[in-house]
Amino acid sequence: MKVIAPGTVIFHRHRGYGVLTAVNLLTGWVAARFGDEKRTLDLNLSTDDILHADGEAILFRRDPPERMPHARLMAMVRELHRAGYQKLYLYSWPKPSGLHWRWQLFTGPRNWMQRPWREGWYGSGADYNFNPVLGWGDAPGASTAELVQALAQFDPAGLAQALGRDEDHAAWFASVCDALLPNYAYSLGADTPQTPLPLYLPVMAVRQRLPERHELQLPYPPGWEKTWSPATLARHHQLRGVVRHDVIPNSWSLPIEF
(Lines give C-alpha, C1' and ligand atoms only; values in the text may rest on other atoms or scores of the structure.)
Protein backbone atom coordinates (compact mmCIF):
# COMPACT_ATOMS: atom_id res chain seq x y z
CA MET A 1 0.00 0.00 0.00
CA LYS A 2 1.28 3.47 -0.88
CA VAL A 3 2.06 5.94 1.86
CA ILE A 4 0.20 9.22 2.16
CA ALA A 5 1.34 12.69 3.18
CA PRO A 6 0.37 16.32 2.50
CA GLY A 7 0.46 16.78 -1.26
CA THR A 8 -0.83 13.28 -2.13
CA VAL A 9 -3.40 13.34 -4.93
CA ILE A 10 -6.57 11.45 -4.00
CA PHE A 11 -9.93 10.56 -5.52
CA HIS A 12 -13.28 10.72 -3.72
CA ARG A 13 -16.36 9.20 -5.27
CA HIS A 14 -18.50 12.29 -4.60
CA ARG A 15 -15.94 15.09 -4.96
CA GLY A 16 -13.55 13.83 -7.63
CA TYR A 17 -9.81 14.47 -7.54
CA GLY A 18 -8.23 16.43 -4.70
CA VAL A 19 -5.01 16.99 -2.78
CA LEU A 20 -4.33 16.18 0.86
CA THR A 21 -3.34 19.22 2.90
CA ALA A 22 -2.98 17.55 6.33
CA VAL A 23 -2.67 13.99 7.60
CA ASN A 24 -3.11 12.75 11.18
CA LEU A 25 -1.97 9.14 11.36
CA LEU A 26 -2.96 8.85 15.02
CA THR A 27 -6.66 9.39 14.40
CA GLY A 28 -7.10 8.53 10.73
CA TRP A 29 -8.44 11.98 9.83
CA VAL A 30 -7.12 13.90 6.83
CA ALA A 31 -7.91 17.27 5.26
CA ALA A 32 -8.21 17.66 1.49
CA ARG A 33 -8.90 20.41 -1.02
CA PHE A 34 -10.89 19.64 -4.18
CA GLY A 35 -10.77 21.67 -7.38
CA ASP A 36 -10.67 25.43 -6.83
CA GLU A 37 -12.44 25.29 -3.48
CA LYS A 38 -10.90 27.53 -0.84
CA ARG A 39 -12.02 25.45 2.11
CA THR A 40 -10.60 22.07 2.98
CA LEU A 41 -12.77 19.05 3.70
CA ASP A 42 -12.11 16.75 6.66
CA LEU A 43 -12.29 13.06 5.77
CA ASN A 44 -11.89 9.86 7.73
CA LEU A 45 -9.74 7.12 6.24
CA SER A 46 -11.85 4.41 7.88
CA THR A 47 -15.25 5.43 6.51
CA ASP A 48 -14.99 7.83 3.57
CA ASP A 49 -13.68 5.44 0.87
CA ILE A 50 -10.75 7.58 -0.23
CA LEU A 51 -8.64 6.35 -3.14
CA HIS A 52 -5.26 7.18 -4.58
CA ALA A 53 -5.33 8.92 -7.96
CA ASP A 54 -4.75 5.57 -9.68
CA GLY A 55 -7.73 3.96 -7.94
CA GLU A 56 -5.91 2.09 -5.16
CA ALA A 57 -7.81 2.26 -1.88
CA ILE A 58 -6.33 4.19 1.03
CA LEU A 59 -6.88 2.08 4.14
CA PHE A 60 -6.37 3.25 7.70
CA ARG A 61 -4.04 0.95 9.59
CA ARG A 62 -5.77 -0.47 12.64
CA ASP A 63 -2.51 -1.19 14.44
CA PRO A 64 -1.18 1.76 16.44
CA PRO A 65 1.01 3.94 14.22
CA GLU A 66 4.31 5.39 15.34
CA ARG A 67 3.71 8.57 17.30
CA MET A 68 7.40 9.50 17.17
CA PRO A 69 10.33 8.65 14.86
CA HIS A 70 12.90 7.73 17.52
CA ALA A 71 12.93 3.96 16.91
CA ARG A 72 13.42 4.49 13.17
CA LEU A 73 16.27 6.89 13.93
CA MET A 74 17.89 4.36 16.25
CA ALA A 75 17.79 1.67 13.55
CA MET A 76 19.35 4.09 11.04
CA VAL A 77 22.13 5.17 13.41
CA ARG A 78 22.94 1.54 14.25
CA GLU A 79 23.28 0.78 10.53
CA LEU A 80 25.60 3.76 10.04
CA HIS A 81 27.69 2.68 13.01
CA ARG A 82 28.13 -0.71 11.36
CA ALA A 83 29.32 1.07 8.22
CA GLY A 84 32.05 2.92 10.14
CA TYR A 85 30.22 6.15 10.99
CA GLN A 86 30.56 5.66 14.73
CA LYS A 87 30.86 9.36 15.54
CA LEU A 88 27.16 9.82 14.84
CA TYR A 89 25.04 10.35 17.97
CA LEU A 90 21.32 10.50 18.68
CA TYR A 91 20.13 12.76 21.48
CA SER A 92 16.44 12.67 22.48
CA TRP A 93 14.74 14.56 25.27
CA PRO A 94 11.21 15.50 26.43
CA LYS A 95 9.72 18.87 25.71
CA PRO A 96 9.15 21.03 28.80
CA SER A 97 5.40 20.57 28.31
CA GLY A 98 5.80 16.79 28.51
CA LEU A 99 3.63 16.32 25.42
CA HIS A 100 6.28 15.10 23.00
CA TRP A 101 9.93 14.14 22.65
CA ARG A 102 12.45 16.00 20.53
CA TRP A 103 15.41 14.41 18.76
CA GLN A 104 18.72 15.57 17.31
CA LEU A 105 21.49 13.87 15.37
CA PHE A 106 24.98 15.30 15.75
CA THR A 107 28.53 14.38 14.81
CA GLY A 108 32.08 15.08 15.93
CA PRO A 109 33.07 15.14 19.60
CA ARG A 110 30.66 13.27 21.87
CA ASN A 111 29.47 16.24 23.91
CA TRP A 112 25.85 15.75 24.95
CA MET A 113 25.22 19.33 26.07
CA GLN A 114 27.14 21.26 23.39
CA ARG A 115 25.84 19.60 20.25
CA PRO A 116 26.46 21.18 16.83
CA TRP A 117 23.21 21.92 15.00
CA ARG A 118 22.78 21.21 11.30
CA GLU A 119 19.68 22.02 9.28
CA GLY A 120 17.41 19.01 8.95
CA TRP A 121 19.18 16.98 11.65
CA TYR A 122 16.60 17.59 14.38
CA GLY A 123 12.85 17.41 14.86
CA SER A 124 9.94 16.67 17.16
CA GLY A 125 7.29 14.03 17.59
CA ALA A 126 4.70 16.81 17.45
CA ASP A 127 5.60 17.50 13.80
CA TYR A 128 6.01 13.82 12.96
CA ASN A 129 2.38 13.05 13.89
CA PHE A 130 1.10 15.17 11.02
CA ASN A 131 3.93 14.79 8.53
CA PRO A 132 5.81 11.51 9.16
CA VAL A 133 9.13 12.43 7.57
CA LEU A 134 12.46 13.22 9.21
CA GLY A 135 13.36 16.27 7.16
CA TRP A 136 16.13 15.34 4.72
CA GLY A 137 14.15 14.39 1.64
CA ASP A 138 12.96 11.03 2.97
CA ALA A 139 9.53 9.63 2.15
CA PRO A 140 6.94 8.57 4.76
CA GLY A 141 7.51 4.94 5.70
CA ALA A 142 11.04 4.84 4.26
CA SER A 143 13.11 1.82 5.25
CA THR A 144 16.36 2.07 7.21
CA ALA A 145 18.43 1.75 4.03
CA GLU A 146 16.35 4.44 2.33
CA LEU A 147 16.78 6.78 5.30
CA VAL A 148 20.55 6.30 5.17
CA GLN A 149 20.64 6.98 1.44
CA ALA A 150 18.45 10.07 1.76
CA LEU A 151 20.62 11.51 4.55
CA ALA A 152 23.81 10.87 2.57
CA GLN A 153 22.36 12.70 -0.43
CA PHE A 154 20.93 15.54 1.68
CA ASP A 155 24.09 16.41 3.63
CA PRO A 156 27.16 14.42 2.53
CA ALA A 157 29.53 16.90 4.20
CA GLY A 158 27.74 16.55 7.53
CA LEU A 159 27.64 12.77 7.38
CA ALA A 160 31.35 12.67 6.50
CA GLN A 161 32.11 14.21 9.89
CA ALA A 162 30.66 11.07 11.53
CA LEU A 163 33.23 8.81 9.91
CA GLY A 164 35.51 7.44 12.60
CA ARG A 165 35.64 5.10 15.57
CA ASP A 166 33.89 5.43 18.91
CA GLU A 167 33.72 1.80 19.91
CA ASP A 168 32.46 2.35 23.47
CA HIS A 169 29.45 4.33 22.33
CA ALA A 170 28.77 2.10 19.30
CA ALA A 171 28.73 -1.00 21.54
CA TRP A 172 26.40 0.71 24.03
CA PHE A 173 24.11 1.90 21.25
CA ALA A 174 23.92 -1.56 19.64
CA SER A 175 22.99 -3.16 22.97
CA VAL A 176 20.27 -0.58 23.60
CA CYS A 177 18.88 -1.10 20.08
CA ASP A 178 18.78 -4.87 20.64
CA ALA A 179 16.80 -4.36 23.84
CA LEU A 180 14.35 -1.72 22.60
CA LEU A 181 13.65 -1.92 18.88
CA PRO A 182 11.27 -1.84 17.11
CA ASN A 183 8.63 -0.51 19.54
CA TYR A 184 10.64 1.35 22.18
CA ALA A 185 13.28 4.08 22.28
CA TYR A 186 15.42 5.78 24.90
CA SER A 187 15.31 9.28 26.28
CA LEU A 188 17.94 11.58 27.70
CA GLY A 189 17.58 15.07 29.10
CA ALA A 190 18.88 17.54 31.65
CA ASP A 191 18.76 16.50 35.29
CA THR A 192 16.66 19.09 37.16
CA PRO A 193 14.89 19.21 40.54
CA GLN A 194 11.55 19.12 38.72
CA THR A 195 12.41 16.07 36.59
CA PRO A 196 15.39 14.24 38.13
CA LEU A 197 16.77 11.46 35.98
CA PRO A 198 16.02 7.93 37.15
CA LEU A 199 18.74 5.48 38.03
CA TYR A 200 18.53 3.70 34.68
CA LEU A 201 18.06 4.92 31.13
CA PRO A 202 14.46 6.14 30.60
CA VAL A 203 12.52 4.11 28.04
CA MET A 204 9.50 5.29 26.02
CA ALA A 205 7.09 3.47 23.74
CA VAL A 206 6.85 4.80 20.19
CA ARG A 207 3.36 3.35 19.73
CA GLN A 208 0.22 3.54 21.81
CA ARG A 209 -1.15 0.66 23.89
CA LEU A 210 2.26 -0.92 24.45
CA PRO A 211 3.14 -2.15 27.96
CA GLU A 212 5.72 -0.36 30.05
CA ARG A 213 9.17 -1.98 30.18
CA HIS A 214 9.86 -1.67 33.89
CA GLU A 215 12.14 -4.71 33.87
CA LEU A 216 14.74 -3.01 31.69
CA GLN A 217 17.76 -1.63 33.54
CA LEU A 218 19.78 -0.09 30.74
CA PRO A 219 22.85 2.06 31.46
CA TYR A 220 23.29 5.64 30.31
CA PRO A 221 25.66 6.23 27.37
CA PRO A 222 29.42 6.25 28.00
CA GLY A 223 30.60 9.58 29.35
CA TRP A 224 27.09 10.73 30.26
CA GLU A 225 27.86 11.55 33.90
CA LYS A 226 30.99 13.48 32.92
CA THR A 227 28.64 15.96 31.23
CA TRP A 228 27.63 17.45 34.56
CA SER A 229 29.61 19.73 36.83
CA PRO A 230 30.80 18.28 40.20
CA ALA A 231 28.08 20.15 42.11
CA THR A 232 25.34 19.03 39.73
CA LEU A 233 26.68 15.49 39.72
CA ALA A 234 26.64 15.34 43.54
CA ARG A 235 23.04 16.52 43.59
CA HIS A 236 22.27 14.07 40.81
CA HIS A 237 23.50 11.08 42.85
CA GLN A 238 21.63 12.33 45.91
CA LEU A 239 18.37 12.63 43.98
CA ARG A 240 18.80 9.19 42.46
CA GLY A 241 18.55 7.70 45.92
CA VAL A 242 14.97 8.90 46.35
CA VAL A 243 13.65 8.57 42.80
CA ARG A 244 12.03 5.33 41.67
CA HIS A 245 14.11 3.98 38.83
CA ASP A 246 11.27 2.03 37.25
CA VAL A 247 9.17 5.04 36.26
CA ILE A 248 9.68 8.14 34.21
CA PRO A 249 8.67 11.37 36.04
CA ASN A 250 5.05 12.36 35.49
CA SER A 251 5.99 15.48 33.56
CA TRP A 252 7.45 13.21 30.89
CA SER A 253 4.12 11.46 30.22
CA LEU A 254 2.90 11.61 26.65
CA PRO A 255 -0.82 12.27 26.23
CA ILE A 256 -2.17 12.52 22.69
CA GLU A 257 -1.92 16.05 21.32
CA PHE A 258 -4.18 17.22 18.52
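Lys 2 is partly exposed at 37% relative accessibility, a class that lies between buried (under 20% relative accessible area) and exposed (over 50%), evaluated with a 1.4 Å probe on protein chains only. The model is predicted, so that local features need pLDDT of at least 70 and side-chain atom pairs count only at pLDDT 80 or more, whereas totals for chains, interfaces and linings use all residues. Residues are numbered from 1 along each chain as its sequence is written, and side-chain values use heavy atoms, with hydrogens and water left out.

Across the whole structure, 11 salt bridges were found, a salt bridge being a side-chain nitrogen of Lys or Arg within 4 Å of a carboxyl oxygen of Asp or Glu. In one of these, Lys 2 pairs with Glu 56, with 2.5 Å between the closest N and O atoms. This contact joins distant parts of the chain, 54 residues apart, since Lys 2 belongs to the segment before strand S1 (9-12) and Glu 56 to the loop between strand S5 (50-52) and helix H1 (70-82); helices (H or I, at least four residues) and strands (E, at least two) are DSSP runs numbered from the N terminus. Glu 56 is likewise partly exposed, with a relative accessible area of 28%, and a network of salt bridges links Lys 2, Asp 54 and Glu 56.

A further salt bridge connects Asp 178 and Arg 78, whose closest N and O atoms are 3.1 Å apart. Because Asp 178 lies in helix H5 (residues 167-180) and Arg 78 in helix H1, the pair ties together parts that are 100 residues apart in sequence. Asp 178 is exposed at 56% relative accessibility, whereas Arg 78 is buried at 19%.
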